[in-house]
Amino acid sequence: MGQTLVEKLLSEKMGRPVSAGETVVVDVDFAALHDGSGPLLVRLMNERGYQDDPVFDSDRILFANEFGPVPTREVANEHALTRRYACSHNCHWEEGGTGHVHAHVYEDYLKCGSVCIVGDSHTTVHGAFGAFATGCGSTDMVAVTRYGKTWIKVPETFRINVNGALPKGVYAKDIMLKLAGIIQSDQAIYKALEFRGDTIHALDMAGRLTITSMGVDVGAKAAIMETDEHTREFLKKFGREQDYREIRGDEEANYERVIDIDAAALEPMVAKPHYVHNVDLAKNCADQKVDMVFIGSCTNGRTEDLHVAADILRGKKVAKGLRLLVIPNSAAVYKECMQDGTLLALAEAGAMIEAPNCGPCMGVHQGIPADNEVVVATQNRNFKGRMGNPTASIYLSSPATAAATALRGFITDPREVM
């Protein structure tokens with residue numbers, strides 16, 4: 001019997017075979033925190049007398065910031081606290097406004113097949129590089145930062161086979177929303193999602209990152225994919241081709257569940273309030289008026305996502321009375337889309353372009369909706385209050401559906417305007 005991808009990676013780290021259900025203590029290859037988890041870590045280090053102790057490896061720890069530019073005095077002071085700690089311990093430091101923590105990790109540091117631990121739930125995103133990547137709280141991050149180790153209960157794996165050519169107007173986000181509708185938000189708790197199939201191998205890294213980023217939003221501990229030439233080319237783009245290696249799964253592994261998705265049969269989808277698994281076809285929601293559209297986040301703020309939106313909006317104007325907010329998810333994406341005219345096209349259509357950060361996805365920064373407003377967002381979560389206002393309603397969609405909705409002012413199947 002073969003092993004799942006997660007079992008293979010953790011076996012490699014342990015130097016012996018491991019299997020689902022076993023608890024192991026593994027060495028961490030890369031760790032990161034942001035301005036939500038970093039300040040608490042620093043305070044815990046101070047409380048326990050570790051503030052002057054060395055970290056496990058300063059070259060493999062990143063402190064990044066998801067608020068940017070800094071919105072309040074309180075946040076500025078939190079940044080100052082973590083900046084002092086990071087710099088005094090010679091860790092990597094990224095200022096706010098340069099992108100969210102995950103973009104920094106996979107653009108600049110992550111190696112294929114790594115064990116990556118970040119103080120953020122959406123760390124599952126890095127599984128697109130064949131990594132075992134998961135989030136943890138600041139208390140566990142104390143051990144990670146100080147000793148470079150963490151404990152993991154090896155998860156059971158769901159194998160998700162996605163095959164077939166994606167139809168016009170259908171994207172990786174629609175695959176993940178379809179899966180959310182199948183497994184809901186409670187069936188994959190502490191499982192690993194292993195994505196296989198010709199559709200997955202045909203996706204560029206932007207599409208793969210969209211899927212793996214939402215693994216945690218259906219309860220998964222990790223979401224993981226094999227690596228291939230798309231992976232290599234992405235790393236080469238950032239001058240890191242040496243960090244590529246081939247990660248391949250076994251066909252005869254012991255999967256707890258196998259789910260097959262026919263990509264050719266998919267249509268543009270949305271997740272309706274207030275759950276990711278509350279999915280429906282976009283065309284079935286065409287009577288829903290929208291007040292704000294947000295295109296960005298660690299799920300759909302990459303160059304390819306902004307290209308899709310710009311192609312729909314170029315030469316047109318957003319609907320009267322609707323606000324369109326666009327936030328590239330890293331400085332590299334911002335610069336690329338500035339140079340190729342994407343940001344100009346979006347701005348001319350009426351979009352507000354902001355510095356790379358998480359924006360309203362985390363509910364405390366840039367773009368909070370008003371009472372009872374309806375938002376269509378390309379982010380990953382739509383539970384009540386997620387964007388900072390518990391009376392607002394959030395629909396999740398692909399960038400294409402979001403852009404089409406911005407054009408019409410009502411939820412719109414993008415095939416109608418493409």
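Me: How many aromatic pairs does the structure hold?
Reply: There are six aromatic pairs in it. Keep in mind that this is a predicted model.

Me: Take phenylalanine 30 and tyrosine 109. Why is that aromatic pair called stacked?
Reply: Two cut-offs settle it: ring centres have to lie within 6.5 Å to pair, and planes under 30 degrees apart count as stacked. For phenylalanine 30 and tyrosine 109 the centres are 5.0 Å apart and the planes make 15°, so both conditions are met.

Me: And what makes this pair one that ties together parts far along the sequence, 79 residues apart?
Reply: Look at where the two rings sit. Phenylalanine 30 belongs to strand β2 (residues 30–33), while tyrosine 109 is in the loop between α4 (101–108) and β5 (115–118), so the pair joins parts 79 residues apart in sequence. Both phenylalanine 30 and tyrosine 109 are buried.

Me: Why do phenylalanine 129 and phenylalanine 234 get the label edge-to-face?
Reply: That label needs planes over 60 degrees apart, with the centres still within 6.5 Å. Here the angle is 65° and the centres are 5.5 Å apart, so edge-to-face it is. Phenylalanine 129 sits in the loop between β5 and β6 (132–135) and phenylalanine 234 in helix α9 (residues 229–237), so this pair ties together parts 105 residues apart in sequence. Phenylalanine 129 and phenylalanine 234 are both buried. They also belong to a cluster linked by ring pairs, along with Tyr106 and Phe238.

Me: Which residues have the most contacts inside the largest nonpolar core?
Reply: Leu10, Phe63 and Phe129 do, in a core of 58 residues. Leucine 10, for one, touches Val18, Val26, Val115, Phe132, Ile152 and Val154, leaving out residues up to four places away in sequence. There's also a second, separate core of 39 residues, which includes Met176, Leu177, Ala188 and Ile394.

Me: How do you know that cysteine 358 is not in a disulfide?
Reply: A disulfide needs the two sulfur atoms within 2.5 Å. The closest cysteine sulfur to that of cysteine 358 is in cysteine 298, 6.4 Å away, so it is too far for a bond. By this rule the count for the structure comes to zero disulfides.

Me: What makes cysteine 358 buried?
Reply: Buried means under 20% relative accessible area, and cysteine 358 has 11%, so it qualifies. Its place is in the loop between β16 (351–353) and β17 (374–377). Beyond its neighbours within four places in sequence, cysteine 358 is in contact with Glu66, His100 and Phe294. Glycine 296 is 62 residues from cysteine 358 in sequence, yet the two are 7.6 Å apart, C-alpha to C-alpha. Cysteine 285 passes the same 20% cut-off, with a relative accessibility of 5%, so it counts as buried.

Me: Why does tyrosine 395 count as buried?
Reply: Its relative accessible area is 9%, which is under 20%, so the label holds. Tyrosine 395 lies in strand β18 (residues 393–396). Among the residues it touches are Val270, Lys272, Gln288, Val375 and Ile411, not counting residues up to four places away in sequence. The C-alpha atoms of tyrosine 395 and valine 293 are separated by 9.5 Å, with their positions 102 residues apart along the chain.

Me: What covers the buried residues of α2?
Reply: The cover includes β2, β3 (61–63), α3 (73–88) and α5 (138–147). The buried residues themselves are Gly38, Pro39, Leu41, Val42, Leu44 and Met45, in a helix that spans residues 38–47. Just after α2, glycine 49 takes a positive phi of about 75°.

Me: Zooming out, how many helices and strands does the protein have?
Reply: It has 14 helices and 18 strands.

Me: And how do you know that the protein is as compact as a globular protein of that length?
Reply: Set the two radii side by side. The radius of gyration is 20 Å, close to the 22 Å that the globule rule gives for 418 residues, so the description fits. The C-alpha atoms fill a box of roughly 55 × 55 × 40 Å along the principal axes. Buried residues make up 60% of the 418. Of the contacts between residues at least 6 apart in sequence, 75% join residues at least 24 apart.

Conventions
Residues numbered from 1 in each chain as written. Predicted model: local features only at pLDDT ≥ 70, side-chain atom pairs only at ≥ 80, totals over all residues. Heavy atoms only, no water. Buried < 20%, exposed > 50% of the residue type's maximum accessible area, 1.4 Å probe, protein only. Helix = DSSP H or I, 4+ residues; strand = E, 2+ residues; numbered from the N terminus. Core = buried A, V, L, I, M, F, W, Y, C linked by side-chain atoms within 4.5 Å. Contact = heavy atoms within 4.5 Å. Rg over C-alpha atoms; globule rule 2.2 N^0.38 Å.
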